[in-house]
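User: I'm new to this one and would like a close look at a single part of it. Could you walk me through the charged side chains and what surrounds them?

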Amino acid sequence: MADPQPSDRGLAPAAVPSVPDAPSAPSAPGALRASHADRDLVVEQLRVAAGDGRLSPEELDERLELALTARTYAELAALVADLPAAGTAVSPASLSPTSLSPVVAPSAPKDLIRLHCSSGRAERRGRWVVPNRMDLKVSSGHITLDFTEAVILQRMLHIDADVRSGHITLITKPGIVVDADDVTVRNGRVQVRAPWGTDVPELLRIDVTGKCGSGHISARPPRRSFWQWLRRAPRPYAIAA
């Protein structure tokens with residue numbers, strides 16, 4: 001005789017695990033989450049505005065704190081809504097996912113750039129394309145090459161320097177190695193500072209040759225702005241102890 005089978009009646013149905021609802025899409029671009037780079041852009045605009053006298057030190061401190069903790073583009077836009085776009089790092093109208101993180105195809109580097117300065121000032125700052133070679137001549141002026149935001153498309157830059165009584169300054173960042181051992185110095189000075197040491201992966205090697213009369217050639221990290229110094233902000237590219 002077969003064993004009796006239990007009846008299916010009265011048994012509770014098997015529990016089905018619940019699936020969490022997917023997060024709803026933001027209703028506007030301003031509701032999207034901001035990145036560290038987005039916050040840095042707004043922080044830079046606030047510092048520029050404070051340096052122009054548009055913000056008091058108290059307002060700067062308050063807005064910097066809000067900018068560093070902002071979560072969305074709308075929160076960042078509110079911090080610069082009353083600041084003009086001209087001459088600043090970013091326009092309030094441009095605070096969007098596409099404009100805060102632009103992707104621009106750089107142009108091909110030139111083979112040679114010549115900068116000859118008698119008694120004035122010549123500069124390369126921001127997003128400029130580093131060439132293969134540079135011919136720098138200074139009589140009594142000042143040439144500044146800022147590599148902190150430069151577009152680097154090759155691993156080597158050769159600089160032929162001729163300094164009589166002026167200055168050549170190279171502003172570097174971790175990964176940029178400056179070799180000025182082959183510069184002939186008469187009464188001037190050649191100084192290379194790289195506080196991050198030699199363990200940082202090399203991005204660009206700058207080979208400086210030529211002569212330095214009574215002026216000087218220097219390579220150094222960027223300096224703190226007045227407001228950064230006033231707020232005792234850490235030095236740019238400082239090495240943690």
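Analyst: Let's begin with what a patch is: it is made of residues with over 30% relative accessible area and no salt bridge, and like charges are joined within 9 Å. Keep in mind that this is a predicted model. Here, Lys-137, Arg-164, Arg-186 and Lys-211 form a positive surface patch.

Take Arg-164 from that group. You'll find Arg-164 in the loop that runs between strand S5 (156-163) and strand S6 (167-171). Its relative accessible area is 56%, and because exposed means over 50%, Arg-164 counts as exposed.

Now for charges that do pair up. Side chains of opposite charge can pair when their charged atoms come close. The structure as a whole has seven salt bridges. Glu-123 is a good place to look: its side chain meets that of Arg-121 in a salt bridge at 3.9 Å, N to O, and it also meets the side chain of Arg-125, at 3.2 Å, N to O. Follow the links and you get a network of salt bridges that takes in Arg-121, Glu-123, Arg-125 and Asp-146.

How open are these residues? Glu-123 is partly exposed at 35% relative accessibility, and Arg-125 is partly exposed too, with a relative accessible area of 43%. Arg-121, with 56%, is exposed.

Next, look at Thr-144, which sits in strand S4 (residues 142-146). With a relative accessible area of 3%, Thr-144 is buried. Setting aside neighbours within four places in sequence, Thr-144 is in contact with several residues, including the network members Arg-121, Glu-123 and Arg-125. Thr-169 and Ile-171 are also among the contacts of Thr-144.

Another salt bridge joins Glu-202 and Arg-205, whose closest N and O atoms are 3.3 Å apart. Glu-202 is partly exposed, with a relative accessible area of 29%, and Arg-205 is partly exposed at 29% relative accessibility.

To put all this in its setting, the chain has five helices and 10 strands. Buried residues make up 34% of its 241 residues. About 15,300 Å² of the chain is exposed, and carbon and sulfur atoms supply 52% of that area. Of the contacts with a separation of 6 or more, 67% are between residues 24 or more positions apart.

Note on methods. Residues are numbered from 1 along each chain as its sequence is written. This is a predicted model: local features need pLDDT of at least 70, side-chain atom pairs count only at pLDDT 80 or more; totals for chains, interfaces and linings use all residues. Side-chain values use heavy atoms; hydrogens and water are left out. Patches are made of residues with over 30% relative accessible area and no salt bridge: like charges are joined within 9 Å, nonpolar side chains (Val, Leu, Ile, Met, Phe, Trp, Tyr) within 5 Å. Accessible areas come from the Shrake-Rupley method with a 1.4 Å probe; for residues, only the protein chains shown count as cover. Lys and Arg count as positive and Asp and Glu as negative; His and the chain ends are not counted. The place of a charge is taken as NZ of Lys, CZ of Arg, CG of Asp or CD of Glu. Helices (H or I, at least four residues) and strands (E, at least two) are DSSP runs, numbered from the N terminus. Buried means under 20% relative accessible area, exposed over 50%, partly exposed in between (1.4 Å probe, protein chains only). Contact means heavy atoms within 4.5 Å.
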